[in-house]
Every structure is written in C-alpha cells, then in structure tokens.
Amino acid sequence: MHASHAIHLPGRSPLWKVFWLYGVLPSNLLWLAVAWLVDHGQLPGATLGLLVFLLGYTAWIVAAVWKAAPNAKDPRYGVMAQALTVAWAINTVLIAFFLGLQMVRALVGG
C-alpha cells in the first residue's frame, strides 16, 4: 500500500470506520498520551512534539470524515459526524495551543 493510497482510502471507506476507528479511537489515545506526559512533567519537548503531531492528525481526520460522510447510509449521520469532528478539532486546536504555550515556557526555563 502506497502512502498516497492510504491518504485517499478514507474517502472510499464506510463512515463508521473512518469516524470511530480512524478518528475517535486514535484521537483519544493520543490525548491520553499527552495527558500522561503533562501529568509527569518530565518531557516538555516530547509533549510539544506530540501536540504538533496531534494537530496534523486532527487536520487529516477532519478531511477524512468530510470525504467519508457521503458514504453513510443515512445522510444525517454524515452531517453529525462532520459537525462532531469539527467541534473536536476546534477543541483540539485550543487545548493544544494553551498546552503548547506551557511546554514552550517550560523549555525556555520560564
């Protein structure tokens, strides 16, 4: 499987798979890892790197859910998945921004 194929795969996948298996599950696992790193406070650089990765992943999953939304059996599920994913993305951006500020501050020694 080529990387370009993996990028376009969600558009042909069922919405439930993209939303739950590519979106909800990995997002929660990534946030769990961020929470663990923040709680232990030992690795601000790794935390910052994970936050950057999380932002990129979030942009990808928003696009993937948007592409997969027409594959839902009921169009209302597509709209709900899009709305929930955008809300999750806004939350992710805001939390990542403020946690990122904390991590940068910890790295520069302030």
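This briefing describes the fold, the largest pocket and one helix of the structure above. The model is predicted. Its protein chain contains four helices and zero strands, so that the order along the sequence reads α-α-α-α by the DSSP assignment of helices and strands. Helix H2 (15-40) receives particular attention below, as H2 is one of the helices that supply residues to the lining of the largest pocket.

**Overall chain**

- The C-alpha trace of the protein chain spans about 50 × 30 × 15 Å along its principal axes.
- Of the 110 residues in the protein chain, 32% are buried.
- The accessible surface of the chain amounts to about 7100 Å², and carbon and sulfur atoms contribute 73% of that surface.
- Among contacts in the chain with a separation of 6 or more, 70% join residues that are 24 or more positions apart.

**Largest pocket**

- The largest pocket encloses about 190 Å³ of space.
- Its lining consists of Pro14, Leu15, Trp16, Phe19, Trp20, Asn71, Ala72, Lys73, Tyr77, Met80, Ala81 and Leu84.
- Helix H2 (15-40) and helix H4 (75-108) each provide at least two of the lining residues.
- In terms of residue class, the lining comprises 10 nonpolar residues, one polar residue and one charged residue.
- The polar member of the lining is Asn71 and the charged member is Lys73, because lysine counts as charged and asparagine falls among the residues classed as polar.

**Helix H2**

- H2 has 26 residues, and at 1.5 Å a residue it should span 38 Å. The end C-alpha atoms of H2 lie 36 Å apart, which agrees with that expectation.
- The buried residues of H2 are Leu15, Val18, Phe19, Gly23, Ser27, Leu30, Trp31, Val34 and Leu37.
- These buried residues pack against helix H3 (44-68) and against H4.
- Leu15 and Phe19 appear among the buried residues of H2, and both also belong to the lining of the largest pocket.
- Glycine 41 follows H2 and has a positive phi, near 55°.

**Aspartate 39**

- Aspartate 39 is located in helix H2.
- Aspartate 39 has a relative accessible area of 63%; this residue is therefore exposed, as the value lies over the 50% cut-off.
- Aspartate 39 and proline 14 are separated by 25 residues in sequence, and their C-alpha atoms are 36 Å apart in space.
- Proline 14, the other residue of this pair, is one of the residues lining the largest pocket.

Definitions and conventions: Residues numbered from 1 in each chain as written. Predicted model: local features only at pLDDT ≥ 70, side-chain atom pairs only at ≥ 80, totals over all residues. Heavy atoms only, no water. Buried < 20%, exposed > 50% of the residue type's maximum accessible area, 1.4 Å probe, protein only. Contact = heavy atoms within 4.5 Å. Areas by Shrake-Rupley, 256 points an atom, 1.4 Å probe, with all protein chains shown as cover. 1 Å grid on protein atoms, 1.4 Å probe; cavity = no way out; pocket = protein on both sides within 12 Å on 5 of 7 lines; lining within 4 Å. Points joined across faces, edges and corners; volume = space filled by probe spheres on them. Expected span 1.5 Å × (residues − 1).
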